[in-house]
Amino acid sequence: MTSTPHQNQPPAGEGADALADSTSEASLGRSVARSEQIAADLDVHPGRYRMLTGDRPTGHLHLGHYFGSLRNRVALQDKGVDTWVLIADYQVITDRDGVGSLGERVQSLLTDYLAVGIDPSRTTIFAHSQVPALNQLMLPFLSLVTDAELRRNPTVKAEQDATGGRPMTGLMLTYPVHQAADILFCKANVVPVGKDQLPHLEQTRVVARRFDERYGRAGDGSAPVFPAPDALLSEVPNLLGTDGQKMSKSRGNVIELRMSADDTARAIKRAVTDADRQITYDPQQRPEVSNLLLLASLTTGRRPEEVAEEIGSAGSGALKSLVTEAVNEHLAPLRARRAELEADPGELRRVLAAGNAHADEVARATLDEVREAMQMVYA
Ligand code: TRP
């Protein structure tokens with residue numbers, strides 16, 4: 001067996017700067033190029049990829065999530081990529097308060113997933129707290145990172161800032177390592193992320209590489225236990241909230257998937273616009289009006305400029321009516337499906353239980369390899 005002797009010093013040196021470096025221009029360029037390569041290959045060889053992503057159950061999903069990531073997941077699933085979606089319920093306890101009980105939020109998230117077309121017969125949906133072997137990977141992984149490295153992680157810093165000066169918990173500091181466990185337990189090789197999330201993925205790559213260097217391999221030693229996953233950077237439309245600010249639940253400027261058509265109409269009616277009756281698409285000078293045009297574009301498939309031209313000098317009232325109708329029409333089938341699902345909580349529980357069981361099976365097999373590589377098989 002090829003295994004490296006355990007070393008007790010912290011894993012400095014090689015890779016120590018990989019994280020800091022992951023935000024550099026050169027590194028970003030490499031990630032973009034690699035991501036483009038993968039995106040092209042996904043069409044040709046979908047079967048070569050296992051994609052994993054997930055969400056914290058913090059509240060109800062909204063149009064930002066839908067156009068930013070959910071749609072994309074469904075597209076990958078439909079291409080035949082082995083798709084895994086995790087509900088990050090442990091991660092949610094690192095951060096800001098969510099609304100409602102965790103159980104309700106998990107159920108709502110699951111309902112949104114199924115309503116948008118994530119299909120549990122093709123996609124494994126699971127809650128990471130329900131997969132013991134996944135969480136056990138956290139211990140060996142923690143031995144592979146230093147606290148200085150975690151403190152430097154830009155996403156940890158951003159999370160910390162968002163808590164409004166509360167002291168940093170151990171879980172907050174180490175959540176990138178937990179996320180590495182999320183990705184590596186099932187050996188996912190692609191993770192759709194926004195550019196701001198690249199440092200996370202780099203942390204996962206560092207953990208995978210260091211595990212190989214420090215603990216060696218299992219089986220015939222021909223392959224590392226953990227493949228280093230790649231980022232899949234997707235084109236995300238810059239959809240703002242109805243007030244023209246960053247879309248966020250706490251600002252009350254979101255349109256949730258589960259809203260009724262009437263609530264949607266009310267939210268769009270309240271949307272901020274400007275005094276110019278002539279409607280034009282100009283995201284720099286007229287962010288609020290342009291955002292409504294973007295929403296119309298996303299829901300109808302037409303270009304925003306074309307929609308602007310159609311409205312012309314009819315003003316923002318006409319624009320809002322058009323957007324309301326477009327959004328409601330686009331979401332109608334999804335909302336109908338959502339209502340059916342809500343009426344059958346037993347089915348939702350079965351879906352999650354099946355996903356958890358599948359994840360558990362895969363996690364255990366990985367943990368067995370980890371024990372073997374670490375020479376921790378005693379009986
Ligand atoms: N951190 C992600 C978020 O805040 C959720 C998440 C947890 C995740 N584990 C993951 C995303 C693994 C991708 C891969 O939304």
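Leaving aside its neighbours within four places in sequence, which residues is Thr-124 in contact with? The first legend below takes up that question, and the others move on through this predicted model.

**Figure 1. A close-up of Thr-124 and its surroundings in strand S3.** Strand S3 covers residues 123-127, and Thr-124 is found in that strand. Not counting neighbours within four places in sequence, Thr-124 is in contact with Thr-83, Trp-84, Val-85, Gly-355, His-358 and Ala-359. One of these partners, His-358, also makes a polar contact with Thr-124, side chain to side chain, at 3.0 Å. Thr-124 has a relative accessibility of 8%, so the residue counts as buried. If you are looking at the hydroxyl-bearing side chain in your viewer, His-358 is the residue to display alongside Thr-124 for that polar contact.

**Figure 2. The shell of residues around the ligand.** Ten names are worth labelling here: Leu-52, Thr-53, Gly-54, Arg-56, Leu-86, Ala-88, Gln-91, Gln-179, Asp-182 and Ile-183 surround the ligand. Sorted by class, this shell has four nonpolar, four polar and two charged residues. Two elements each supply at least two residues of the shell: strand S1, residues 50-55, and helix H9, residues 170-184.

**Figure 3. Polar side chains facing the ligand atoms.** Which atom of the ligand does a polar side-chain atom of Arg-56 lie 2.7 Å from? For Arg-56, the partner is an oxygen atom of the ligand. Gln-91 has a side-chain N or O atom at 2.7 Å from a nitrogen atom of the ligand. For Asp-182, a polar side-chain atom likewise lies 2.7 Å from a ligand nitrogen. Taken alone, the ligand exposes 370 Å², and the protein buries 86% of that area.

**Figure 4. Met-172 in helix H9.** Helix H9, which supplies at least two residues of the ligand shell, also holds Met-172. Is Met-172 buried or exposed? Met-172 is buried, because its relative accessible area is 2%. Beyond neighbours within four places in sequence, Met-172 is in contact with Thr-94, Val-156, Glu-159, Gln-160 and Thr-163. For a sense of distance, the C-alpha atoms of Met-172 and Leu-198 are separated by 18 Å, with their positions 26 residues apart along the chain.

**Figure 5. Met-168 in the loop between helices H8 and H9.** Helix H8 runs over residues 154-162, and Met-168 has its place in the loop between H8 and H9. With a relative accessibility of 31%, Met-168 counts as partly exposed. Setting aside residues up to four places away in sequence, Met-168 touches Arg-151, Val-156, Gln-160 and Leu-173. Val-156 is twelve residues from Met-168 in sequence, and their C-alpha atoms are 9.5 Å apart. Val-156 and Gln-160 are handy to label in this view: both are among the residues that Met-168 touches, and both are also in contact with Met-172.

**Figure 6. Two residues with positive phi, Lys-187 and Gln-375.** Most residues other than glycine have a negative phi. Lys-187 is not a glycine, yet its phi is positive, at about 55°. Lys-187 sits in the loop between H9 and strand S4, residues 190-193. Its relative accessibility is 26%, so Lys-187 counts as partly exposed. Gln-375, also not a glycine, has a positive phi of about 55°. Gln-375 lies in the segment after helix H15, residues 345-373. A relative accessibility of 47% is why Gln-375 counts as partly exposed.

**Figure 7. Leu-139 in helix H6, with the whole protein for context.** Helix H6 covers residues 138-142 and contains Leu-139. Leu-139 is exposed, because its relative accessible area is 62%. Leu-139 and Ala-318 are 179 residues apart in sequence, and their C-alpha atoms are 58 Å apart. Zooming out, the C-alpha trace of the protein spans about 75 × 45 × 45 Å along its principal axes. The secondary structure comes to 15 helices and five strands. A compact globule of 379 residues would have a radius of gyration near 21 Å, so the protein's 22 Å agrees. Buried residues make up 50% of the 379 residues. Among contacts between residues at least 6 apart in sequence, 79% join residues at least 24 apart. The protein exposes about 17600 Å², with carbon and sulfur atoms supplying 51% of that.

Technical notes: Residues are numbered from 1 along each chain as its sequence is written. This is a predicted model: local features need pLDDT of at least 70, side-chain atom pairs count only at pLDDT 80 or more; totals for chains, interfaces and linings use all residues. Side-chain values use heavy atoms; hydrogens and water are left out. A residue is near a molecule or strand if one of its heavy atoms lies within 4 Å of it. A polar contact is a pair of N or O atoms within 3.5 Å; within protein, one must be able to donate a hydrogen and the other to accept it, and residues adjacent in sequence count only if both atoms are side-chain atoms. Accessible areas come from the Shrake-Rupley method with a 1.4 Å probe; for residues, only the protein chains shown count as cover. Helices (H or I, at least four residues) and strands (E, at least two) are DSSP runs, numbered from the N terminus. Ala, Val, Leu, Ile, Met, Phe, Trp, Tyr, Cys and Pro count as nonpolar, Asp, Glu, Lys and Arg as charged, and the others, Gly among them, as polar. Buried means under 20% relative accessible area, exposed over 50%, partly exposed in between (1.4 Å probe, protein chains only). The radius of gyration is taken over C-alpha atoms; the globule rule is 2.2 Å times the number of residues to the power 0.38. Contact means heavy atoms within 4.5 Å.
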